[in-house]
There are 4 protein chains.
Amino acid sequence: MVKVGVVGYGTIGQRLADGVAFQGDMELVGVADIGPTLPVRALKEKGMPYDFYLAVPENREKLEEAGIPISGTLEELIQKVDIILDATNAGVGAKNKVLYEKYGKKAIFQGGEKTSVADVFFHGYANYEKGIGKQFLKLTSCNTTGLIRSVDCLDRVVGIDSVMIHIVRRVADPGDYHRGLTNALKIDPVPNHQAVDLMLIMPHVKATGVLVHTPVTHGHIITVFAKPKKKITREEVLESFRAHPRIRVVRIADGFLGNASLFKYARDLGNPRGDMYEIAIWEETVTIFEDHIIYALNIPQEAVVIPETIDGIRAAMEMQTDRLEAVGLTNKYLKIGG
Amino acid sequence: MVKVGVVGYGTIGQRLADGVAFQGDMELVGVADIGPTLPVRALKEKGMPYDFYLAVPENREKLEEAGIPISGTLEELIQKVDIILDATNAGVGAKNKVLYEKYGKKAIFQGGEKTSVADVFFHGYANYEKGIGKQFLKLTSCNTTGLIRSVDCLDRVVGIDSVMIHIVRRVADPGDYHRGLTNALKIDPVPNHQAVDLMLIMPHVKATGVLVHTPVTHGHIITVFAKPKKKITREEVLESFRAHPRIRVVRIADGFLGNASLFKYARDLGNPRGDMYEIAIWEETVTIFEDHIIYALNIPQEAVVIPETIDGIRAAMEMQTDRLEAVGLTNKYLKIGG
Amino acid sequence: MVKVGVVGYGTIGQRLADGVAFQGDMELVGVADIGPTLPVRALKEKGMPYDFYLAVPENREKLEEAGIPISGTLEELIQKVDIILDATNAGVGAKNKVLYEKYGKKAIFQGGEKTSVADVFFHGYANYEKGIGKQFLKLTSCNTTGLIRSVDCLDRVVGIDSVMIHIVRRVADPGDYHRGLTNALKIDPVPNHQAVDLMLIMPHVKATGVLVHTPVTHGHIITVFAKPKKKITREEVLESFRAHPRIRVVRIADGFLGNASLFKYARDLGNPRGDMYEIAIWEETVTIFEDHIIYALNIPQEAVVIPETIDGIRAAMEMQTDRLEAVGLTNKYLKIGG
Amino acid sequence: MVKVGVVGYGTIGQRLADGVAFQGDMELVGVADIGPTLPVRALKEKGMPYDFYLAVPENREKLEEAGIPISGTLEELIQKVDIILDATNAGVGAKNKVLYEKYGKKAIFQGGEKTSVADVFFHGYANYEKGIGKQFLKLTSCNTTGLIRSVDCLDRVVGIDSVMIHIVRRVADPGDYHRGLTNALKIDPVPNHQAVDLMLIMPHVKATGVLVHTPVTHGHIITVFAKPKKKITREEVLESFRAHPRIRVVRIADGFLGNASLFKYARDLGNPRGDMYEIAIWEETVTIFEDHIIYALNIPQEAVVIPETIDGIRAAMEMQTDRLEAVGLTNKYLKIGG
């Protein structure tokens with residue numbers, strides 16, 4: 001049993017903890033955060049299914065006031081585990097790295113950290129082999145993780161020469177008050193970082209893209225204009241997507257009208273926290289036009305990186321050396337692609 | 001075991017079905033709807049935990065295409081049950097009533113129907129006794145249900161003379177595309193229907209109010225300016241609210257910054273569908289000003305009516321004749337107020 | 001002086017009336033609508049700069065109650081003019097056409113009508129010549145009008161082979177309550193109608209596209225991936241855009257962060273109604289990638305079709321037979337591209 | 001002619017400059033800001049109707065790049081004027097005050113500054129006399145300015161004992177990207193600052209209130225529950241409001257459905273920048289309930305403080321000593337209540 005700790009128990013950290021707890025070959029030792037945030041209060045109301053470690057000792061009194069039992073300090077958690085999943089706010093991971101190095105532990109950082117924080121920039125499906133045995137991995141961000149799932153999927157079937165992408169980005173998560181946008185669309189300079197990141201993970205593909213921020217919370221929508229190396233039919237594209245465990249092909253005609261339908265559907269499924277690990281591709285958008293494949297996909301930003309991060313544990317800890325075996329186990333324990 | 005059927009498997013119907021299924025002294029016979037909507041597709045993906053009955057026989061082919069097994073027609077479901085929870089769109093319930101009468105079955109309608117559809121306009125806490133043994137009940141709407149919880153709570157402690165209310169109404173549920181509002185606040189004439197409805201349930205209280213529609217999906221916020229019949233302290237008001245199983249007293253200082261915090265918290269709790277049955281009252285808004293009690297509360301519009309509807313089953317079926325015994329059982333099975 | 005009437009005094013109709021009133025060689029005879037809407041009430045508060053004709057005689061009393069002087073009926077307005085600009089709701093124009101035919105008058109319909117309503121589907125810059133002398137013209141919709149401005153601009157410089165477009169569509173205008181979207185992105189099947197419409201106006205260009213509806217009111221954002229027939233540099237693309245009177249090239253770095261910046265800027269300019277006739281192209285998005293030109297543009301949906309509609313009057317009435325002379329006069333009177 | 005300078009040429013500063021320029025007995029000497037912001041770029045595109053002074057000399061090059069002529073420094077502007085309207089960001093005014101004192105000039109600060117920055121906390125209608133001859137005035141914020149207009153109006157007719165208010169606050173102005181809220185309502189502790197501020201201006205009135213932030217940009221909506229000192233009829237309340245030049249009584253039935261209708265209507269009126277100086281009160285919300293007067297009003301947050309700020313110039317500069325004469329002149333030049 002690989003022993004795992006989660007540092008930063010926010011939107012991503014909570015879901016990483018749940019995801020690790022589902023794995024039959026991993027043990028979640030505990031989670032750490034800095035104070036009695038809402039997720040920590042929810043942990044307590046649920047009866048402390050995960051042990052809590054306090055990253056900022058000065059806040060002990062606040063935790064006690066809130067009735068939250070403390071199992072130790074951040075450093076104590078680090079010492080008890082084989083690998084840390086660091087899901088702290090952007091920039092904090094780089095600081096925590098000093099501690100991970102101090103105790104010689106492995107760690108996986110999330111997309112908000114600088115790429116230089118890690119030995120390898122990692123994606124479970126696209127470059128699993130590069131992560132094997134490494135000490136420090138950095139996951140792709142939510143948009144890039146889902147985007148690469150789809151591009152890698154096509155690339156392994158037909159070969160992809162280049163992609164132009166358009167991202168309609170949600171600006172906040174449900175429950176966020178510290179960031180937001182009101183009645184405005186904001187545009188970024190070209191290329192967006194997701195295109196650049198894609199080229200880091202898949203250096204043989206040329207990429208660029210446009211990104212527009214929109215005032216919604218339930219998932220990004222990415223449109224991909226991909227140039228394959230040889231001809232492929234629409235039906236072959238659809239078959240490739242349907243065969244991928246972490247991709248759902250959905251239909252507007254069935255009621256999947258947009259990003260909020262997928263959020264609603266995941267709740268209706270009774271998924272924990274109403275989450276969805278899979279990206280969704282709308283069948284009615286899959287098109288062959290001139291020498292490009294076009295398709296639009298939905299990124300469930302709160303949960304999409306969980307499977308690939310767990311793949312990262314498998315790679316870093318050398319639990320599996322075969323890519324498909326590794327992602328297959330992650331999928332099995334997360335009940336993906338059943 | 002009282003046998004229950006749910007007609008209309010949308011936002012409310014799904015949650016009613018779940019709520020009934022949790023009750024130890026009720027049996028959910030099945031749910032009915034008109035076609036392969038997203039909730040019905042989710043039911044199938046979950047392995048049909050509830051039997052599905054088809055209300056519109058012409059749609060049989062669509063259901064079969066979607067692979068959804070059909071257990072019978074709407075009329076067949078009605079014949080199998082003791083009581084129907086009708087959660088169809090406003091106006092449809094009145095049409096369905098003919099069928100319920102034909103088979104001599106009891107039914108509970110939701111707030112969208114006209115009050116005249118039922119023998120009694122019902123609220124589990126405020127007028128349980130009126131519903132005992134009746135054939136047709138109509139529940140209060142989501143706003144009115146939560147509002148009355150709080151006003152009835154104070155009324156039983158100190159006596160309430162009159163209330164002025166202000167509702168900041170969310171215009172759509174997560175996943176709705178058929179209604180919405182974009183960058184606008186819409187105001188209704190005074191009084192709003194919730195104040196009128198409150199007086200129907202609590203005829204000894206005078207009420208009026210203002211309602212403003214806002215472009216959000218995660219819960220209404222109601223501010224109540226209540227005039228008690230005698231003096232009461234702020235601490236007594238808070239104690240009364242804290243003692244009510246279906247009311248949560250929360251603090252802005254703890255991170256409950258608004259309606260979206262409560263939506264997020266319920267998801268973080270791992271509640272089914274990320275729902276919350278309780279209303280929340282913000283401690284920092286509870287104020288005694290001149291001769292009024294002021295407080296602001298959050299209505300989780302998707303789930304708030306579930307407990308009071310289940311109370312309605314208990315009343316209509318004469319399962320309990322004591323109000324507190326009845327609501328207590330509902331609470332126990334829904335794990336409310338633990 | 002060509003005599004012009006505007007039928008339908010809503011968002012577009014008001015702006016058409018203003019635009020015609022600015023033309024030195026046209027006379028605005030009057031505007032018609034069906035009742036005392038807010039724009040008609042504003043007309044009265046401004047002292048009736050335009051005569052008002054009543055399209056629905058039954059509403060005479062309502063108009064009188066609101067103190068709005070009536071200059072005649074819709075049919076009387078039609079008889080007094082040479083050409084009608086029909087800006088009624090989608091589908092109404094087709095019904096009004098019977099009246100225009102009855103009196104042998106010309107008319108220009110807006111984008112909401114079916115293309116079959118008119119003799120020619122018209123765009124001032126792209127196919128002016130086709131509109132010359134025709135009785136019935138239909139304008140391109142707001143998105144298509146602005147999109148074609150930019151594609152036609154490049155096409156005349158370098159030749160455009162094909163375009164893939166992505167539209168981030170605003171769902172409502174400021175002040176709309178009858179339509180809207182709340183916290184959701186909605187996606188349309190591929191291809192969107194704007195791509196199809198582009199091919200009707202520019203049949204030598206192949207086109208397709210994706211459209212995502214977003215809950216904002218201040219302008220659509222279109223990203224164009226255009227394949228030119230021969231090589232062109234980024235600087236040449238920018239120069240072409242800068243030379244077009246109805247295109248503004250703006251910079252994110254200067255503060256034009258998105259669609260709302262352009263709405264704000266037009267108000268700060270003191271433009272009537274805070275409108276902008278020009279589309280804006282963000283300089284930082286103009287990119288040459290592989291064999292495509294990429295750029296993102298803003299569509300001010302309330303006013304963008306005004307100049308091209310006035311171009312339509314010039315064509316239909318044979319006021320100018322030369323395309324550049326015609327659009328130049330429209331621009332001059334609207335103070336565009338000064 | 002009183003010589004006026006405006007420091008801070010943002011949303012409020014631009015409108016103050018316009019408002020002063022309309023006054024027949026004042027001269028706008030110039031406006032100052034720190035760089036080539038969008039409003040300053042718009043000033044240039046309009047041909048520099050107002051002289052521009054640069055508050056941050058280091059930015060001279062940026063201004064020159066943007067082609068904006070500079071008439072001098074902030075200190076030079078201060079020396080040329082009798083009074084400064086400081087509309088800088090919150091906290092900056094307090095720093096600028098040192099310069100105003102250095103040159104012995106009067107100044108009026110906006111609501112974002114601390115009340116201690118000024119000799120008097122000012123409202124044109126409610127306490128004009130207190131501002132007469134003072135060196136430093138601070139205006140009430142936008143919500144408080146409009147709220148007090150209505151409460152002062154009733155207070156002078158019937159006497160107001162106490163008010164409970166509920167504010168539905170818009171979180172950003174059109175064109176803002178630096179602040180916003182997405183699909184969330186945020187609640188503030190009771191009492192809100194507007195109630196506290198009302199008591200500072202009208203110390204004989206007791207006040208408290210609740211404030212909910214909403215993700216919209218077109219105007220706050222305030223509901224007032226006011227307890228008069230003696231009986232008053234609904235018709236008398238309406239008459240009082242109708243007689244106030246800076247209050248519009250509007251009807252939902254006429255199409256004024258919410259805050260966005262008023263924004264739209266002001267644009268349709270052709271008002272400069274699409275602004276409205278008046279607050280609007282919805283007739284259908286004006287109600288007498290038990291011993292309270294209820295009404296709901298709209299605050300056009302971008303322009304509502306302009307008239308009262310100009311009243312402040314009249315008071316500080318002792319242009320008029322009579323309250324009604326002063327506000328009457330402001331109204332006349334701003335064409336309010338015509």
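This report describes how the chains of a predicted model are arranged and how chain C meets chain A.

Residues are numbered from 1 along each chain as its sequence is written, and chains are lettered from A in the order in which they are written. Because the model is predicted, local features need pLDDT of at least 70 and side-chain atom pairs count only at pLDDT 80 or more, while totals for chains, interfaces and linings use all residues.

Chain A has an average pLDDT (the predictor's confidence in each residue, from 0 to 100) of 97, and for the complex the predictor gives an ipTM of 0.96 and a pTM of 0.97.

Chain C is superposed on chain D, with an RMSD of 0.0 Å, by a rotation of 180° with 0.0 Å of shift along its axis, where the fit is by least squares on the C-alpha atoms of residues with pLDDT of at least 70 in both. The two copies are thus related as by a two-fold rotation axis.

The interface of chain C and chain A is set out below, with contact meaning heavy atoms within 4.5 Å and buried area meaning the accessible area (1.4 Å probe) that two parts lose on being put together, summed over both.

| Item | Value |
|---|---|
| Residues in contact | 45 residues from chain C and 45 residues from chain A |
| Buried area | about 3600 Å² |

Carbon and sulfur atoms give 72% of that buried area. Across this interface there are four salt bridges, each a side-chain nitrogen of Lys or Arg within 4 Å of a carboxyl oxygen of Asp or Glu. A salt bridge joins the side chains of A:K227 and C:D291, at 3.8 Å from N to O.

Notes:
Side-chain values use heavy atoms; hydrogens and water are left out.
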